[in-house]
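Here's a quick walk through a fold, strand by strand and helix by helix. Have a look at the sequence and the structure before reading on.

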Amino acid sequence: GKIFKMTGVVAGVADMLFMYDGKTYCIEMKNQYGKQSDAQIKWQEKVEHEGFEYVVIRDLKNFQIFINSIIRDEQPKL
């Protein structure tokens with residue numbers, strides 16, 4: 001944790017940022033039992049307030065569905 005803090009990592013930031021066609025999507029990866037930390041929930045609230053999309057994805061299949069829906073400009077069917 002100390003090394004992350006020294007390098008400027010902000011607590012709660014999503015695991016992945018996917019930038020495509022002028023938009024940024026924040027993706028938090030969790031397993032089926034995973035729960036967001038308080039810092040992650042606060043980060044989600046901040047980015048959604050700014051108009052970015054934030055999604056929690058729990059498996060590879062839904063990750064693929066989400067990314068493909070963005071690339072194909074469709075609503076994701078998670």
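What follows covers the sheet, its strand pairings and the helices packed on it, all from a predicted model.

## The sheet

Start with the sheet: it's open, has 3 strands, and runs in the order β1-β2-β3 with mixed pairing. At the edges sit β1 (16–20) and β3 (53–57), each pairing on one side only. Going from one strand to the next, the twist averages 25 degrees.

## Who pairs with whom

A bit of background: strands in a sheet pair through backbone hydrogen bonds, and they can do so parallel or antiparallel. On one side, β1 and β2 (residues 23–29) run antiparallel and are joined by 5 bridges. If you want a spot to click on, try Met16, whose bridge partner in β2 is Ile27.

On the other side, β2 pairs with β3 in the parallel sense, over 5 bridges. Here Glu28 is a handy marker, with Val56 as its bridge partner in β3.

## Helices on the sheet

Which strands does helix α3 touch? Helix α3 (residues 60–71) packs on the sheet and touches β1, β2 and β3. Its direction makes about 175 degrees with that of β2.

Helix α2 (residues 38–49) packs on the sheet too, touching β2 and β3. The angle between the directions of α2 and β3 is about 145 degrees.

## The crossover

Now follow the chain from β2 through α2 into β3: together these make a β-α-β unit, and it's right-handed. The two strands of that unit are the parallel pair, β2 and β3.

Note on methods:
Residues numbered from 1 in each chain as written. Predicted model: local features only at pLDDT ≥ 70, side-chain atom pairs only at ≥ 80, totals over all residues. Heavy atoms only, no water. Pairing = 2+ DSSP bridges. Helix = DSSP H or I, 4+ residues; strand = E, 2+ residues; numbered from the N terminus. Axes fitted to C-alpha atoms, helices over the stretch in contact; angles between N-to-C directions. Contact = heavy atoms within 4.5 Å. Right-handed = clockwise from strand over helix to strand, strands pointing away.
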